[in-house]
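Open the model in a viewer and follow the stops below in order. Each stop says what to select and what is found there.

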Amino acid sequence: MTAAETTQDGSGLRVHDLSWSARGTVIVDDVELTAPAGRITGLIGPNGSGKTTLLRAVARLARPDRGAVHLDGSDVARLRRRELARRLAVVEQHAGTDLDMTALDVVLLGRTPYRTALQADSGADRALALDALARVDMAGFAARKWSTLSGGERQRVQLARALTQQPGLLVLDEPTNHLDVSHALSLLTLVREAGLTSIAALHDLNLAAMFCDHVVVLRRGRAVAAGSPHDVLTPELLRDVYEVDADVGTHPRTGRPLLTFHPPAASQPPAPAPSSQEDS
Amino acid sequence: MGAAPATHAPAATEEPPVHTTAEPETGTGRRRTLRIGAVLAASVALLVTSVLVTVVLGQADISVRHVWTVLSDRLGLSFLQVDVVGLGADRPNEIRADIIWQLRLPRALSAIVVGAGLAVVGAIMQTLTRNPMADPYLLGISSGASLGAVLVIVGGVGAGVLGVSAGAFAGALLAFALVLVIGQRYGTLTPVRMILAGIAIGQLCGAVTSFVILWVADPHATQDVQFWMSGSLAAARWPSLRLAAVVLVAALLLCLWQARTLNAFAFGEDAAASLGVDVNRIRWLLLVACALLTGVLVAVSGAIGFVGLLLPHAVRFLAGPDHRAVLPLSALLGGVFLLWVDTAARTVFDPRELPVGVVTAMVGVPAFIWVLRQRRVQG
């Protein structure tokens, strides 16, 4: 089940030679990537490596200088925006509003691309929205005000809104950035359970290793590695891309790669006494 | 927290979630729709009675029956007068009939049109710029109108009120066009640029206006300029009202057509775009419509403040943030609000008349502080 096999038929997401620059600075440089259908693709890389910009170009929130984005075989740039919104939904790292909306109001926004003008939300729309809330374990929160929700609850509501768009592709830009570890784990579990083709920029490499089926590494706007977490997340690559010293082991329960980082050599604290004596 | 979602999880997966949760929620949704419908109906009733009552108020001795008689005469519905059984015919004399038909009615209806228009434009500006402090004059429109009016008054291009109104309208649109030229970048409008450009152009127009007034040193011109800056409905007559009403209805229909699209802006322009909204097209379309409407309103009444800033907040407080409710309610309540404020302005210190802008500020500022306090509570 490698990435290449599952995207032979054109399903999933394919990015070709994508470049984007701002005022002469190249942010995304000739990126080629595929995100296999029905799986989570992780986009990793240091700050400023172009993850967010790449995702914005995928979602057509930024217009690339060059290159193309194909979603299930069709060129994203040629779709009408409404049509695109029915096939691709975005979850930002931090969504905020001053408006006095309920969780259900927010989720119903996901029906926007399906409705016109003054058309009221149908019973079917509401059923879909409530179903989506249930899918993200927020069934009892429909009438709750957005302003009373915690960060983790807000991200789940946004995920429910994205699901209500009934998209083929879920684009997530560092969705767990502001969440504690338990909410981060549960949000990504929900994304996995949704079973959609997903592409997520992630900062936490252990989260990426745990949840992604396919990982693409960006460095200074270029895709420098791609493959299964096992193949990509090696000590050499981490040293090369992040300039950190890391051990890569195996997670005792999931069998996925488990990364352990070491402090920079200069400030390395002395190792605990017993182990150093045994070693020598 | 964490514990709460965990307890919901099994329940949601074991039984069909749609049915277990749909019942109570659709209930609240229907209740909300009913409530908004009731508020809308009440607002319409309030608007109609307000017209009948406020037209009666004032120096001249006029009764509701006078108003009814004049109205049905003019609208070709005089057969209706028979139906007001038991009250008998109470035909007002010529002077009273003229006061009703030539002064009070057009003034009352103008107040409604101006109040309705300003409130709707304010609601849309607040949404499009995602700025709760936005109002219809954000984009230099009022200062442009003052400058245009002053130039006509001083230059004597057209002595009549219509000439000055035309100058105000032209000034408003010129200022707005300048703001758009400065505020766009490669054809894209961004809120921050627009607001800054609006402030800059507004300051510039204000400075030029002051300069012209000082240069000419004509006390009459100074007084006229005051009219445009603080606003007044004293000059409202049928011709300007007709034009403003037509533009209001057209703009209102356009905005209502986009009501659902405006809802998609709740989480910002990127979120709106990813929900399928062509953000830039909507901005251009609605901003130009709002500017045209505001320009026409300013030409009718001068720049009346606070209605466009406050009414939308009050309406959201009543009916929630959905534009399908906010826009019609803003129009109705904005109209009622300005009608009563203008009535107070012309009657409270009778025979002296207060500038309506002064009254809106005196009512508006405390109300606005109250809104601000509410917002803080909500986080």
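Select chain A: of its 280 residues, 49% count as buried, that is, under 20% relative accessible area, with exposed meaning over 50% and partly exposed in between (1.4 Å probe, protein chains only). This is a predicted model, in which local features need pLDDT of at least 70 and side-chain atom pairs count only at pLDDT 80 or more, while totals for chains, interfaces and linings use all residues. Residues are numbered from 1 along each chain as its sequence is written, chains are lettered from A and ligands numbered from 1 in the order in which they are written, and side-chain values use heavy atoms, with hydrogens and water left out.

Colour chain A by secondary structure to see eleven helices and twelve strands; these are DSSP runs numbered from the N terminus, helices being H or I of at least four residues and strands E of at least two. Among contacts (heavy atoms within 4.5 Å) in chain A between residues at least 6 apart in sequence, 66% join residues at least 24 apart.

Next, select the open sheet of six strands in chain A, ordered 6-7-8-3-9-10 with mixed pairing; two strands pair if DSSP finds at least two bridges between them. Its edges are strand 6 (88-91) and strand 10 (222-227) of chain A, each paired on one side only. From one strand to the next, the twist averages 15°; axes are lines fitted to C-alpha atoms, for helices over the stretch in contact, and angles run from 0 to 180 degrees between N-to-C directions.

Within this sheet, pick strand 3 (residues 40-44) and strand 8 (residues 197-201) of chain A, which pair in the parallel sense over four bridges. Thr41(A) has Ile199(A) in strand 8 as its bridge partner.

Add helix 6 (residues 151-164) of chain A, which lies across strand 6 and strand 7 (169-173) and runs at about 170° to strand 6. Then add helix 10 (residues 235-242) of chain A, lying across strand 3, strand 9 (214-219) and strand 10, at about 35° to strand 9.

Move to chain B and select helix 3 (residues 64-74) and helix 5 (residues 94-129), whose axes come within 10 Å and cross at roughly 75°. Helix 3 of chain B is therefore roughly perpendicular to helix 5 of chain B, a label for angles of 65 to 115 degrees (under 35 is roughly parallel, over 145 roughly antiparallel, the rest oblique). Residues that meet here include Val70(B) and Leu71(B) from helix 3 and Ile100(B) and Trp101(B) from helix 5.

Finish at helix 13 of chain B, where 17 of the 23 residues are buried. Just after this helix, Gly302(B) takes a positive phi of about 75°.
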